[in-house]
2 protein chains.
Amino acid sequence: MRNDDKEPLVQPVQSVDRAAQILEILARRGEVGVTEIGADLGVHKSTASRLLATLEGRGLVEQARARGTYRLGVGLIRLAGTGAAQLDVVQAARQVCAELAADLGETVNVAVLDEGAAMNVSQARGSAAVAVQNWVGRRTPLHATSSGKVLLAYAPDDVRRDLAGQPLARCTPATITDHRALAAELAAVRARGWGATEGELEVGLNGVAAPVRTAAGEVVAALSVSGPAYRLGADRFPAVAEQLVAAATEAGALLG
Amino acid sequence: MRNDDKEPLVQPVQSVDRAAQILEILARRGEVGVTEIGADLGVHKSTASRLLATLEGRGLVEQARARGTYRLGVGLIRLAGTGAAQLDVVQAARQVCAELAADLGETVNVAVLDEGAAMNVSQARGSAAVAVQNWVGRRTPLHATSSGKVLLAYAPDDVRRDLAGQPLARCTPATITDHRALAAELAAVRARGWGATEGELEVGLNGVAAPVRTAAGEVVAALSVSGPAYRLGADRFPAVAEQLVAAATEAGALLG
DNA sequence: CCCACTGTTGCGGTTCACGCAACGTGCTGT
DNA sequence: ACAGCACGTTGCGTGAACCGCAACAGTGGG
């Protein structure tokens, strides 16, 4: 997940690019000191210090304690809160998402395709929250999650082509790591209109997902339900999928 | 809410500062074109274009349509998602928050003090969601919200002094706009240990809030419940406040 | 069909951001 | 307790990088 391997961006503004990298580093590691950030960027610690001071002035980062280590700031939450609200998919799905979560009692997520991963952009918790976990902002592998499979199944060809060029990471013993098996799975997803996983991302964690389509039929997001295998068993998949497809269709209808 | 009036920051890195301003502008207005952003920053549109291209390369902004207007990107959500999770207050409050929301059936929020405003950093929706609204990221006036009153009541002196120097904005007919009345209200909050609002931010919207304290007794956040007046009437305030205080105390105990 | 407007790119000058080194401070180890 | 160390922050000078200009390309409107 090294960050400096980007496609031919014409000519990024150096200091801004570095500042953005700092945010990524902080997101990945939590609290980090100036020296370590500087070393990671390959710049002098004074440079890192200045960049951090600037970001702090805008509230994007903040000092952890009086001791001078930094972490991400609340200003980011402000930005993302309004930013997420502008993502029309989130806006449209919020209502049906909440209803579905209350009905099923499991956690419901909305995910979109984000550079070769499925990123969760919104979440509604179910009543039975055995482990309260926040998936928002997490990027999950496309081949090991239900929402990932759905997004991948309906994605443009080049996304699948990119993925075919690299090995499929094994998350658990059940993870699909063979490209031909994955292609078959995706075909099955397209055939029945929904996807599922059984312990392929984490042992004991199951999930079901359905595509959210625009009026033009384009798949822009995936709605997913996930829960522990003892509650969300494979025998429940078809019934859950039926509700999920209905909810996803409704969310899609709300899109402009 | 002009952004260039900052305290004596030594010497911000210019381009990074401008990039951060761009994010704020996009958060405020949604989709904006390059020319308008440039004019707003007082820079040439080519400069704005380059800054935006850099931010886009890191996923912090994205092009709205093929047409070249920009909006905030999903990368921000990724950052904020992990960033919010690192806010130990959010982490600690998540569980009790969810339970309380399920129990009361109303929306529960966690807010912190953010430069003269109460910012909601986490939210748990209640089952009875008459109007599903996302408060996360929204900055609300300190004198017109229950959580704001709580944060203000226990804030350092200089925060109150700053506020005393400026007029209190009137949001509704019920908003407290007199500084002496506000001071009395804050004293009442301190006396009983919780705060409330009756239609002072929006007509028909009530709220109750309690302080979250660290082991050292410092107030770092406020837990609030809000709902329409016909469901969350003033007669319910004491009972709700009791649960809220208990939950806030529990959340505080989970803090390191 | 052309015009007005948009956003994106070479190019050169000059500002501005970087690296260096010194400073102050808090922690640690013996 | 003191010294040593590592950390983050701050002047200062220089060179590189960023900005403004202007020309280019694409699009919607008249």
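Visitor: Let's start in chain A: which strand does β4 (residues 118-124) pair with over two bridges?
Guide: This is a predicted model, so take what follows as computed from it. In chain A, the partner of β4 sits in the antiparallel sense, with two bridges between the pair. Met119(A) stands opposite Arg139(A) there. The strand paired with β4 over those two bridges is β5(A).

Visitor: And which strands stand at the edges of that sheet in chain A?
Guide: The sheet is open and has six strands, running β5-β4-β3-β8-β7-β6 with antiparallel pairing. Each edge strand has a single partner, so one side of it has no neighbour in the sheet. The edge strands are β5 (139-140) and β6 (195-198) of chain A.

Visitor: Zooming out, how much of chain A counts as buried?
Guide: Chain A has nine helices and eight strands. Among its contacts between residues at least 6 apart in sequence, 55% join residues at least 24 apart. Of the 256 residues in the chain, the buried share is 46%.

Visitor: Where in chain A is the pLDDT below 50?
Guide: Overall, chain A has a mean pLDDT of 85, and 88% of its residues reach 70 or more. The stretch you're after has three contacts in the model beyond near neighbours in sequence. The pLDDT is below 50 over residues 1-8.

Visitor: Which helix gives the most to the largest nonpolar core?
Guide: That core has 143 residues, and those with the most contacts inside it include Leu223(A), Leu244(A), Ala93(B) and Leu223(B). As an example of the surroundings, Leu223(A) touches Ala93(A), Val108(A), Leu244(A) and Ala251(A), among others, leaving aside neighbours within four places in sequence. The top contributor, with nine residues, is helix α5 (residues 88-104) of chain B.

Visitor: Over to the DNA: which element supplies the largest share of the surface near strand C?
Guide: 23 residues surround DNA strand C, with Gln14(B), Gly33(B), Thr35(B), Ser46(B) and Gly68(B) the closest. They divide into seven nonpolar, 13 polar and three charged. Helices from both chains supply at least two residues each, including α1 (14-29) of chain A and α2 (34-41) of chain B. The largest share, five residues, comes from α3(B).

Visitor: What gives the most to the surface near DNA strand D?
Guide: Of the 21 residues around strand D, the nearest are Gln14(A), Gly33(A), Thr35(A), Ser46(A) and Gly68(A). The split is five nonpolar, 13 polar and three charged. Among the helices giving at least two residues each are α2 (34-41) of chain A and α1 of chain B. The biggest contributor, with four residues, is α3(A).

Visitor: Is Glu115(B) buried or exposed?
Guide: Glu115(B) lies in the loop between β3 (107-113) and β4 (118-124) of chain B. Its phi is near 50 degrees, a positive value in a residue other than glycine. Most residues other than glycine have a negative phi. As for burial, the cut-off for exposed is 12 or fewer C-beta neighbours within 10 Å. Glu115(B) has 11, so the label is exposed.

Visitor: Last one: how far apart in space are Leu254(B) and Glu202(B)?
Guide: Leu254(B) is in the segment after α9 (237-253) of chain B. With 15 other C-beta atoms within 10 Å, Leu254(B) is partly exposed. Leu254(B) and Glu202(B) are 52 residues apart in sequence, and their C-alpha to C-alpha distance is 33 Å.

How values were computed
Residues are numbered from 1 along each chain as its sequence is written. Chains are lettered from A and ligands numbered from 1 in the order in which they are written. This is a predicted model: local features need pLDDT of at least 70, side-chain atom pairs count only at pLDDT 80 or more; totals for chains, interfaces and linings use all residues. A residue is near a molecule or strand if its C-beta atom, placed from the backbone, lies within 6 Å of it. Ala, Val, Leu, Ile, Met, Phe, Trp, Tyr, Cys and Pro count as nonpolar, Asp, Glu, Lys and Arg as charged, and the others, Gly among them, as polar. A residue is buried if 20 or more other C-beta atoms lie within 10 Å of its own, exposed if 12 or fewer, and partly exposed in between; C-beta atoms are placed from the backbone. Two residues are in contact if their C-beta atoms, placed from the backbone, lie within 7 Å. pLDDT is the predictor's confidence in each residue, from 0 to 100. A nonpolar core is a set of buried Ala, Val, Leu, Ile, Met, Phe, Trp, Tyr and Cys residues joined through C-beta atoms within 7 Å. Two strands pair if DSSP finds at least two bridges between them.
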